[in-house]
Amino acid sequence: MLGGEEKLAPEEIASLCQNACGPDANPQEQQHPYEAMLCCHRLHDSLLSSDSRFTAYRGILNWIIILLVLTHAHLFLENFIQHGFLIDLKKIMEHLTENNLNWPSFNLILAANVFAVTALLLEHSQEKGKLSSSHAHCLHLANLGLLMMVSALAILLHPTISTGGAFFTLWSYTVLGLKLYSYHETNRWYRQEEEKNESCSPKSADEHLTFKDLYYFLLAPTLCYQRDFPRSPKVRMSNLLHRLLEMVILIQIMVGIVQQWIEPIFQRSENSFSTMDFTMRVEHLVGLVAPTHFLWLLLFFLCHSYLNLCAEVLRFGDRHFYGDWWNASSLITLWRNWNIPFQKWGHRHMYTRLVEANVCPWQAELLVFLLSAVLCEYVIALPLHSCRMWIFLMMVFELLVTVFLGRYFTGNYGNGLVWLCLLLGPPLAVTMYFHDHYLAFVITTNSSSPHHHPQSGQ
């Protein structure tokens, strides 16, 4: 004892440090009163290093969100000071309303019922033995081909159909075509199963081959047919009103972004993207990246609200419309998760059938992907009367990026590549289509105006 304090030997100090600062040390199990004072260091990696396995970045995420909000608030304020308040619903109605109130797009959608009823009659005839399986299959394909041809020719040749009406019509006909193909093929599978199982009730098919069953499937938020869909117990009015409110708010925000942010960039253009010089093209694309991306995200949320609204009204139980595509570490994972209804249809009616026909799985996946790229190009380019293959080529380019760079970008780096492709990929190509359509619309409107003066550019 010296001065009332206990003197520790060097060996005892080392032992205390080892016990207090070891990797398995527990501060609550300290046996000596000097352990906490003698040793305050232990093995520990920096939190931001890759070896620390630290994942609590919520504070940094909040900081990024606040920084993005403040940055874009400045952009919106600068835009408002420079251009003023540009939101005008009359301009939106110009692209939706149709001349003389003939509503050709509405009439086309009503005419689509002819193809749906034809598919039902073909199934009835096949069920009663009036048509062979091969003949019915050919007639179904002819019905689907005529369906796609009628919609395309009507949009291309009808002069009074509006841009919005053309989009809605072509989207409706494309979805109807995918649904009717699933309706025909699935009923064929049911018949094959009933032929194998002779104990199956003969009334089961007649109970499902009805107008009620067909139109429930046509209105349901799915592309794949089955005879008994999962149903929710009841319609929840609170959820229904919530989805309606979401759709109204999202549409208003999207209109605001288009007219307040995107349209001023379009107005600065004098040439289409196909004739624009390289420097000006890059400048416009850089300016369109942010609003296009926000618009694409809002469109995703609008689809989420619309599909859930339809499911709630119809008590449709399977509401797995998308996966966690935002966490995708590769573009392949993104494509498999961002549109589950089409993914199910492609796997069920195309990929599986191709594999059964001895097509290599990777070739079958490639054909499904190319079909999705063709459909994306088709539903955007045709209503705008402009086919430049921008969307298709952009999706093929992303496929090449996945093939050649996918092995080098994994985990967080792969997720970063996915978001980069979303920023600079097909959504931007869609905006390029609308940019050229806007210029053509403005030129046509100005040239037909009686007060148009070519020298003033009005």
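## Reading cores, a helix pair and two unusual residues

Me: What kind of model is this?

Reply: This is a predicted model.

Me: Let me start with the inside. Where do nonpolar side chains tend to be in soluble globular proteins?

Reply: They tend to be buried together. Now the case here. The largest nonpolar core has 48 residues. F273, L288, W325, L334 and Y433 touch the most other members.

Me: Which helices each supply at least two residues of this core?

Reply: There are several. They are α10 (237-267), α11 (278-314), α12 (331-337), α14 (361-381), α15 (390-405), α16 (411-424) and α17 (426-448). The most comes from α11, which gives 10 residues.

Me: Take F273. Which residues does F273 touch, not counting those up to four places away in sequence?

Reply: F273 touches R281, H284, L285 and L288. W390, M432, H435 and D436 are also touched by F273.

Me: Which residues does the second, separate core include?

Reply: A116, L180, L214 and F217 are among its 31 residues.

Me: Next, helix pairs. What describes two packed helices?

Reply: Two values do: the angle between their axes and the distance between the axes. Here, take α13 (residues 340-356) and α14. They pack at about 135 degrees, and their axes are 9 Å apart.

Me: Why are α13 and α14 called oblique to each other?

Reply: Look at the cut-offs. Roughly perpendicular covers 65 to 115 degrees, and roughly antiparallel needs over 145. The angle of about 135 degrees fits neither range, so the two helices count as oblique. Their crossing is right-handed.

Me: Which residues make the contact between α13 and α14?

Reply: From α13 come F342, W345, G346, M350, Y351, L354 and V355. From α14 come P361, A364, E365, L367, V368, L371, S372 and L375. The contact residues divide into 12 nonpolar, two polar and one charged.

Me: Last, the backbone. What sign of phi do most residues other than glycine have?

Reply: Most have a negative phi. Now look at R315. R315 is not a glycine, yet its phi is positive, about 55 degrees. N358 is another residue other than glycine with a positive phi, near 70 degrees.

Me: Where are R315 and N358?

Reply: R315 is in the loop between α11 and α12. N358 lies in the loop between α13 and α14.

Me: Are R315 and N358 buried, partly exposed or exposed?

Reply: Use the relative accessibility. R315 has 29%, so R315 counts as partly exposed. N358 has 73%, so N358 counts as exposed.

Note on methods:
Residues are numbered from 1 along each chain as its sequence is written. This is a predicted model: local features need pLDDT of at least 70, side-chain atom pairs count only at pLDDT 80 or more; totals for chains, interfaces and linings use all residues. Side-chain values use heavy atoms; hydrogens and water are left out. A nonpolar core is a set of buried Ala, Val, Leu, Ile, Met, Phe, Trp, Tyr and Cys residues joined through side-chain atoms within 4.5 Å. Buried means under 20% relative accessible area, exposed over 50%, partly exposed in between (1.4 Å probe, protein chains only). Helices (H or I, at least four residues) and strands (E, at least two) are DSSP runs, numbered from the N terminus. Contact means heavy atoms within 4.5 Å. Axes are lines fitted to C-alpha atoms, for helices over the stretch in contact, and angles run from 0 to 180 degrees between N-to-C directions. Angles under 35 degrees count as roughly parallel, over 145 as roughly antiparallel, 65 to 115 as roughly perpendicular and the rest as oblique. A crossing is left-handed if the near helix is turned anticlockwise from the far one by less than a right angle, and right-handed if clockwise. Ala, Val, Leu, Ile, Met, Phe, Trp, Tyr, Cys and Pro count as nonpolar, Asp, Glu, Lys and Arg as charged, and the others, Gly among them, as polar.
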